[in-house]
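Okay, thanks everyone, let's get going. I'll put the structure up and then talk you through it.

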Amino acid sequence: HEIASHSDTHPHVTNMSYEDNVNELEKSNEKLEKIIGTKTNIYRAPYGEYNNTVIQAAQDKKYFTIRSWICQLFFNKFCMVVATFITLSASGAAGK
């Protein structure tokens, strides 16, 4: 099982600058690291939104990007995620 980042404030990341995307990733990872004791390297952008800026920011911070996931709530508190890993590139191509 893996824990993934999903941003810090759940914004529409495709409307944000490269620097703001990096900031979202870093803040989210800092919080996750305090809770789980390690950094995560998986990222799923809020709303499943991606563009070249979002992908480049994630790649530069050494994240694997995922396109979709299925969330199942446990005790109305925890989300168990089954992810579809799709490597997204800044050129817009997607491959498995």
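I'll start with the overall layout and then go through some side chains. One thing up front: this is a predicted model.

So, the layout. The chain has 96 residues, and 30% of them count as buried. In secondary structure we have two helices and five strands. If you walk along the sequence, the order is α-β-α-β-β-β-β.

Let's stop at helix 2, which runs over residues 52-60. Which of its residues are buried? Those are Val54, Ile55, Ala57 and Ala58. If you look down the axis of helix 2, these buried residues sit within an arc of 160 degrees, so they line one face of the helix.

The ends of this helix are worth a look too. At the N-terminal end, Asn51 acts as the cap, with a side-chain oxygen 3.1 Å from the backbone nitrogen of Thr53. Past the other end, just after helix 2, Lys62 has a positive phi of about 70 degrees.

Right next to Lys62 in your numbering is a tyrosine I want to show you. How many aromatic pairs turn up in a search of the whole structure? Just one. That pair is Tyr43 with Tyr63, and the geometry is edge-to-face: 6.1 Å from centre to centre, with 65 degrees between the planes. Tyr43 belongs to strand 1, residues 42-43, while Tyr63 is in the loop between helix 2 and strand 2, so the pair ties together parts that are 20 residues apart in sequence. Are these two buried or exposed? Both Tyr43 and Tyr63 are buried.

There's another pair of positions to point out here. Thr65 sits in strand 2, and its C-alpha atom is 7.9 Å from that of Ala45, with the two positions 20 residues apart along the chain. Thr65 is buried as well, at 6% relative accessible area.

Now the charges. In general, side chains of opposite charge can pair when their charged atoms come close. In this structure there are two salt bridges.

Take Asp8 and Lys31: their closest N and O atoms are 2.6 Å apart. This links distant parts of the chain, because Asp8 is in the segment before helix 1 and Lys31 is in helix 1 itself, 23 residues apart. Asp8 counts as partly exposed, with 22% relative accessibility; the cut-off for buried is under 20%.

The other salt bridge joins Glu26 and Lys61, at 2.7 Å from N to O. Here too, distant parts of the chain are linked: Glu26 comes from helix 1 and Lys61 from the loop between helix 2 and strand 2, 35 residues apart. Both partners are partly exposed, Glu26 at 32% relative accessibility and Lys61 at 35%.

Last stop, the surface. Which residues make up the nonpolar patch there? Ile3, Ile35 and Ile36 do, and together they have about 280 Å² of accessible area. Ile3 comes from the segment before helix 1, and that helix covers 18-36. On its own, Ile3 is partly exposed, at 41% relative accessible area.

If you take away a few things to look at on screen, go for the buried face of helix 2, the Tyr43 and Tyr63 pair, and the two salt bridges. That's it from me, happy to rotate the view.

Definitions and conventions. Residues numbered from 1 in each chain as written. Predicted model: local features only at pLDDT ≥ 70, side-chain atom pairs only at ≥ 80, totals over all residues. Heavy atoms only, no water. Buried < 20%, exposed > 50% of the residue type's maximum accessible area, 1.4 Å probe, protein only. Helix = DSSP H or I, 4+ residues; strand = E, 2+ residues; numbered from the N terminus. Arc of directions from axis to C-beta. Polar contact = N/O pair within 3.5 Å; in protein donor to acceptor, adjacent residues only side chain to side chain. Phe/Tyr/Trp six-rings, centres within 6.5 Å; stacked < 30°, edge-to-face > 60°. Patch = residues over 30% accessible without salt bridge, like charges linked within 9 Å, V, L, I, M, F, W, Y side chains within 5 Å. Areas by Shrake-Rupley, 256 points an atom, 1.4 Å probe, with all protein chains shown as cover. Salt bridge = Lys/Arg side-chain N within 4 Å of Asp/Glu carboxyl O.
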